[in-house]
Amino acid sequence: MLAVGFGLLGLGILPSVDNPTPARALDLGANSIDNPTSIWVVVNKARPLNPIKYKPVDLVVPGFGPLNANPYQHSMRRDVAAAAEGLAKSMQKAGKGRLVIQSAYRSYNTQKSVHDRQVSRFGLAAGEALAARPGYSEHQTGLAIDVSARDQGCQIRVCFGGTKAGAWLKANAHRWGFIIRYPQNATAVTGYQYEPWHLRYVGIELATDMKQKSISTLEKYFGLPSAPKYP
Ligand SMILES: [Zn+2]
């Protein structure tokens, strides 16, 4: 064992204080940011889904067993369901609350009716601040979930970020491959106000790399233009 250890040191493979081994850089070409089936797809007000009526083929409606995290029977992509189950379990184990999925996959047509309703009630500007245009919502990818925590209030409100569940999610969601997609102070980049409840699955590798580099938006991470509004 010692011989192996010294051998590796000699090759400079093992890290040392004087010569730390840099973390392996994430291959930015590993997944597409354009293909809607990719877990790295970037959707925003400047980047609609293509095709615009895209629907994932691997949607499931997870029950989450005794966690009962999906009481409203929302659907999401298979990998997202598995990750969300791990997240919910871990949050509960940490004593930070019981996760409840409030929304997940929304089809083009569902988004269209939500958007139409808000715009007819509040006008275009105020309505579109509340509902994305159909084909422009991350929920249509099946990779986004809106969450709350039982008995902690602030459901789908900015103050959720200050609850013990919200704070825990912000610090830990990356361990299951989720990011807070619309972080604080990034409206000019993402086009959305702070949404501490909106989690986007991007996979553990990317979520962890973003966390380690303190890059909070997909736009900045991939060097994409900011998308404050629709073109
Ligand atoms: Zn959302």
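In the predicted model, the largest nonpolar core contains 35 residues, of which Val80, Ala84, Leu87, Leu99, Ile145, Ala173 and Phe178 touch the most other members. Two or more residues are given to this core by each of helix H2 (78-93), strand S3 (99-103), S4, helix H5 (164-172), S5, S6 and helix H7 (204-213). The greatest contribution is that of H2, which supplies seven residues. A second core, separate from this one, comprises nine residues, including Val41, Ala131, Ala132 and Leu218.

These cores belong to a protein chain of 231 residues, 34% of which are buried. The secondary structure of the chain consists of eight helices and six strands, and from the N terminus the elements follow one another in the order α-β-β-α-β-α-α-β-α-β-α-β-α-α. The C-alpha trace extends over about 75 × 40 × 35 Å along its principal axes. When contacts between residues at least 6 apart in sequence are considered, 63% of them join residues at least 24 apart.

Helix H2, which gives the most residues to the largest core, is made up of 16 residues and spans 23 Å from its first C-alpha to its last, close to the 22 Å expected at 1.5 Å a residue. Its buried residues are Val80, Ala81, Ala83, Ala84, Leu87, Ala88 and Met91. Viewed down the helix axis, the buried residues of H2 fall within an arc of 165 degrees, and they therefore line one face of the helix. After H2 comes Gly95, a residue with a positive phi, near 75 degrees.

Four strands are arranged in an open sheet with the order S3-S4-S6-S5, and the pairing between them is antiparallel. The edges of the sheet are occupied by S3 and S5, each of which has a single partner strand, so that one side of each lacks a neighbour in the sheet. From one strand to the next, the twist averages 40 degrees.

At one edge, S3 is joined to S4 by four bridges, the two strands running antiparallel. Within this pairing, Leu99 has Ala149 of S4 as its bridge partner, while Val100 lies opposite Ser148 in S4. Leu99, one of the core residues that touch the most other members, is also in contact with residues outside its own stretch of sequence: with neighbours within four places left aside, its contacts are Ala69, Leu87, Ala88, Met91, Val147 and Ala149. Among these contacts of Leu99, Leu87, Ala88 and Met91 are buried residues of H2.

Strand S4 (residues 144-149) is paired in the antiparallel sense with S6 over three bridges, and in this pairing Ala144 is found opposite Arg200 of S6. Because five of the six residues of S4 are buried, this strand is largely enclosed by the rest of the structure. Strand S6 (residues 198-201) is covered on both of its faces, with His198 and Arg200 buried on one side and Leu199 and Tyr201 buried on the other. S6 is further paired with strand S5 (residues 178-180), again in the antiparallel sense and over three bridges. Here Ile180 stands opposite Leu199 in S6. Phe178, at the start of the range assigned to S5, is among the residues of the largest core that touch the most other members.

Outside these elements, Ser32 is located in the loop between helix H1 (2-11) and strand S1 (59-60). Ser32 has 13 C-beta neighbours inside 10 Å and is therefore counted as partly exposed. When residues up to four places away in sequence are not counted, Ser32 touches Ser38, Trp40 and Val41, and Val41 is in turn a member of the second core. Ser113, by comparison, lies 81 residues from Ser32 along the chain, and the C-alpha atoms of the two residues are separated by 29 Å.

Definitions and conventions:
Residues numbered from 1 in each chain as written. Predicted model: local features only at pLDDT ≥ 70, side-chain atom pairs only at ≥ 80, totals over all residues. Buried ≥ 20, exposed ≤ 12 C-beta atoms within 10 Å, placed from the backbone. Contact = placed C-beta atoms within 7 Å. Pairing = 2+ DSSP bridges. Core = buried A, V, L, I, M, F, W, Y, C linked by C-beta atoms within 7 Å. Axes fitted to C-alpha atoms, helices over the stretch in contact; angles between N-to-C directions. Expected span 1.5 Å × (residues − 1). Arc of directions from axis to C-beta.
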